[in-house]
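Subject: The structure, and what turned up in it

Hi,

Here is the structure I promised to pass on. Have a look around first, then read on for what I found in it.

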Amino acid sequence: MPSDQDFGSPDIEITIDNNAIKDLEPNDEILPTEICLLPLSERPFFPPQTLPILMNEEVWRETIEFIADTDTKIAGLVLVKNPHPEESSPEEFHDIGTLVRIHHPVLSSGKIQFIAEGIQRFRIKKWKTKEPPFIVEVEYPQEPNYKDIDELKAYAVAIINTLKELVPLNPLYSEELKFFLNRFNPNEPSPLTDFAASLTTATRKTLQEVLEQVHLRKRMEKVLVMIKKELEVAQLQSNIQRQVEDKLTEHQRKFFLREQLKAIQKELGIAKDDKTADIDRYNERMDELTVPKDAKEKINEEIDKLSILEPGSPEYSVTRNYLDVVTSLPWGITTDDKIDLKRARRELNKEHAGLNDVKDRIVEFLAVGALTGEVAGSILLLVGPPGVGKTSIGRSIADALGRKFYRFSLGGMRDEAEIKGHRRTYIGAMPGKLIQAIRDTKSSNPVIMLDEIDKVGSSFQGDPASALLEVLDPEQNENFLDHYLDVRFDLSKVLFICTANQLDTIPRPLLDRMETIRLSGYITQEKIEIAKQYLWPKKLNTCGLKTSQVKISDTGFRKIIEDYAREAGVRNLDKQLGRIARKCVVQIVSGKSKKISVSQNNIESFLGTPWFQKEKPDNRVGVVTGLAWTALGGSTLNIEAAIVHDKSRGLRLTGKLGDVMKESAEIAYAYIAANLAHFGAAEEFLDKQMLHLHVPEGATPKDGPSAGITIATALLSLVLNRSPKKGIAMTGELTLTGKVLAVGGIREKIIAARRAKIKTIILPKACEGDYKELPSHISKGMKVHFVEEFNQVSTIMFGKP
């Protein structure tokens, strides 16, 4: 056994003499049998320790003053189970603690601080008081006499050797060791063991177990394991720290070498510094671009400013970022248009079935460009319900022209800086979306799609819709000024395509700048063709299915469309086909089926109960079918009227009607009441009748004047007590004198009537032109009555009075 143990510090040495370990005899000091207790919450206090203790003045001042008044200044420190020692009860104190002598108690900021000098373990024998100050009767457990002193020596040497390895890894261990050596002889194994335990970061439970272990050999065995673990953790931390330092040193070495290399290359004239390289790069970019004179002067000024700025200054990075943007714009760079009408028609047909009238409008638009030599200064607005293909048509136009395509959504945009950019005075300033689109496409004549233009918002940060007025005006966008660029850029060669679900929310000045093309939606037969040619093959490919494995009949497609996807677009139809494809995959993979046939007979096993029920004409008294337009397309709705009682006169309206529709109902009621005799009813009929008018569905908001003649017909049916003719739907605004005025959404309403299998329609005479513009496949088989006055409507529905 070595005679000297060096702890890695030149001024700390511990010598173990083989014959020097003392017999473990009781302390000769007379210790009190009754003491005051002070609680500890974080970890127990060990006899060899001398540490400052901080306690709450409000709770423990009386106890500490009581201890300070005694001759011995002795108290007991005990670990408590409660994390809040101020609230501890006697039951929460551990049985064994450490006897300490209190030195120099000091009051400060509501706390009491004192130095605790550890003396010896004690065990609580009896509680004298249950409230602070806690006074207990204690006994002092004595360590037994050990016969095998050599075993204790071996454990002591093992602990010291471990401490020798641990001390160099953490300077704090060295300081604590100095305090220990000032009070104890390292040849005493019991204090040495307790000191080693106090150095560890073990849990409070583990440390309390060490404190409660009076048997020295067992305690030394437990502590040796603890400090071995502590050594492993310390070595791991040291290794991690060394690895990090090595990496940092390597990075610093490479950095200095690179800086030296730059300096050498600069002296030899074979390399440039970062600033010179940036300036040369910007000048090279400018030489390749056709920049207008005003913009070129501004850019050259910024390059000159960059040359006199220090690379470390904030202004340098701002100017450098600006030049990065402005010199990467495609000044004078355009894409050659491929204006081939046959190719354009082929591109449009490749992704879209139906919509022939829309395709014709687009081909006409391109034909004008073919004749003039370029498609410039044009802003198209595609209006239609969701899922009818507005966005994909815009992409097809770009493909037909051979131009780059860029799309961004305006929905919810509230900051005009999104359009016109931020001023460079702001941190994180950047150009607007339009300049970003030009930069990304690397062409000054791309096709830019402004999606959801009807959903632009406004706030205290500005009105983006007003900012778009300059962008979408062919007379102004030639000199578009982005706040970030601060130079004018020509947007007149850009083809803007906007999309919207409705026109009502688009500001009128903005709407006037765009050429509107309506996409009204698809009829059932068109949806069947779209599903067969585009949607279903795409779903099969996505799910890894072959056409021979799963087949859907035409009747199956029709049932899906009529019972589960009746809206104007095909987005929901696409979702339902995806559900069918996934269920088919499950059946094939699980081995239940190898080939699956989907028809109208088994479609419910894939999609469940139909969402839509077949619309049956209702020809009861007071019920008339009207036609309505919504943002999702056209729809039919039954307007119901009933007599509530005959005690008072009045009209009650329900169905979540808007202000305009309420006024239409009041006009219809007034008109019928004023012309009862004309229609063959008693003039006093409505004097005491309370009528109730309801428009299903009650949770859906409804507004607009187009239900005027429908409401009047329902009220007239009630007055005459006659059912209206079956299979007729109508739409039109009614005036107080009985005139029938024009309404909008004729195409969507005719499609809704076809979907409901209604073949006879009543429309205002003023809408005859709109009806004649409908494609033949929509108007085919429809019988339309064009009326100018309500008398014509009543004659059609009830015959002559």
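Let's start with a question you can try yourself: is K739 buried, partly exposed or exposed? K739 is partly exposed, because its relative accessible area of 40% falls between the 20% limit for buried and the 50% limit for exposed. Before going further, keep in mind that this is a predicted model.

**Salt bridges**

K739 is a good way into this topic, as its side chain meets that of E789 in a salt bridge, at 3.3 Å from N to O. The two partners are 50 residues apart: K739 sits in the loop between β23 and β24, and E789 in the loop between β26 and α26. E789 counts as partly exposed too, since its relative accessibility is 32%.

How many salt bridges are there? The count is 37, and here are two others to look up.

- R217 and E151 pair up through their side chains, with 4.0 Å from N to O. This one links helix α6, home of R217, to helix α2, home of E151, across 66 residues of chain. Both ends count as partly exposed, because R217 is at 24% relative accessibility and E151 at 28%.
- K298 bridges to D486, and their closest N and O atoms are 3.8 Å apart. K298 belongs to helix α8 and D486 to the loop between β12 and β13, so this pair ties together parts 188 residues apart in sequence. D486 is partly exposed, as its relative accessibility is 43%.

K298 and D486 are also part of a network: salt bridges with shared partners join them with E302, K305, E315 and R424.

**Two helices that cross**

Next, go back to helix α2, which covers residues 149-166, and find helix α4, residues 189-199. Their axes come within 11 Å and cross at roughly 35°, and the crossing is left-handed. Which residues make the contact? From α2 they are A156, I159, I160 and L163, and from α4 they are L192, T193, F195, A196 and L199. Sorted by class, that gives eight nonpolar residues, one polar and no charged ones.

**The nonpolar cores**

In soluble globular proteins, nonpolar side chains tend to be buried together. In this model, the largest nonpolar core has 52 residues, and L381, L434, L450, I453, L472, F496 and M514 touch the most other members. Helix α9 (residues 314-327) supplies the largest share of this core, with five residues. Try clicking on L472: beyond its neighbours within four places in sequence, its contacts are I379, L450, I453, F496, C498, L510, R513 and M514. There is also a second, separate core, this one of 51 residues, with V388, L535, L540 and I560 among them.

**From T63 to a cis bond**

T63 is in helix α1, residues 57-68. Is T63 buried or exposed? T63 is buried, because its relative accessible area is 0%. Leaving out neighbours within four places in sequence, T63 touches C36, L37, L38, P132 and P133. Those two prolines deserve a stop of their own: a cis peptide bond joins P132 and P133, with omega about -5°. P133 lies in the loop between β7 and β8.

**Unusual backbone angles**

Most residues other than glycine have a negative phi, and most peptide bonds are trans. H104 has a positive phi, near 55°. H104 is in strand β6, residues 96-108, and counts as exposed because its relative accessibility is 65%. K656 also has a positive phi near 55°, and is found in the loop between β20 and α21.

**Two more places to visit**

W629 is in strand β18, residues 623-630, and counts as partly exposed because its relative accessibility is 31%. Setting aside neighbours within four places in sequence, W629 is in contact with N501, Q502, G634, G745, E748 and K749. From the C-alpha atom of W629 to that of L503 is 13 Å, although the two are 126 residues apart along the chain.

S466 is in helix α15, residues 464-471, and is partly exposed because its relative accessibility is 42%. How far apart are the C-alpha atoms of S466 and E416? They are separated by 8.2 Å, with the two positions 50 residues apart along the chain.

Happy exploring!

Note on methods
Residues are numbered from 1 along each chain as its sequence is written. This is a predicted model: local features need pLDDT of at least 70, side-chain atom pairs count only at pLDDT 80 or more; totals for chains, interfaces and linings use all residues. Side-chain values use heavy atoms; hydrogens and water are left out. Helices (H or I, at least four residues) and strands (E, at least two) are DSSP runs, numbered from the N terminus. Buried means under 20% relative accessible area, exposed over 50%, partly exposed in between (1.4 Å probe, protein chains only). Contact means heavy atoms within 4.5 Å. Axes are lines fitted to C-alpha atoms, for helices over the stretch in contact, and angles run from 0 to 180 degrees between N-to-C directions. A crossing is left-handed if the near helix is turned anticlockwise from the far one by less than a right angle, and right-handed if clockwise. Ala, Val, Leu, Ile, Met, Phe, Trp, Tyr, Cys and Pro count as nonpolar, Asp, Glu, Lys and Arg as charged, and the others, Gly among them, as polar. A nonpolar core is a set of buried Ala, Val, Leu, Ile, Met, Phe, Trp, Tyr and Cys residues joined through side-chain atoms within 4.5 Å.
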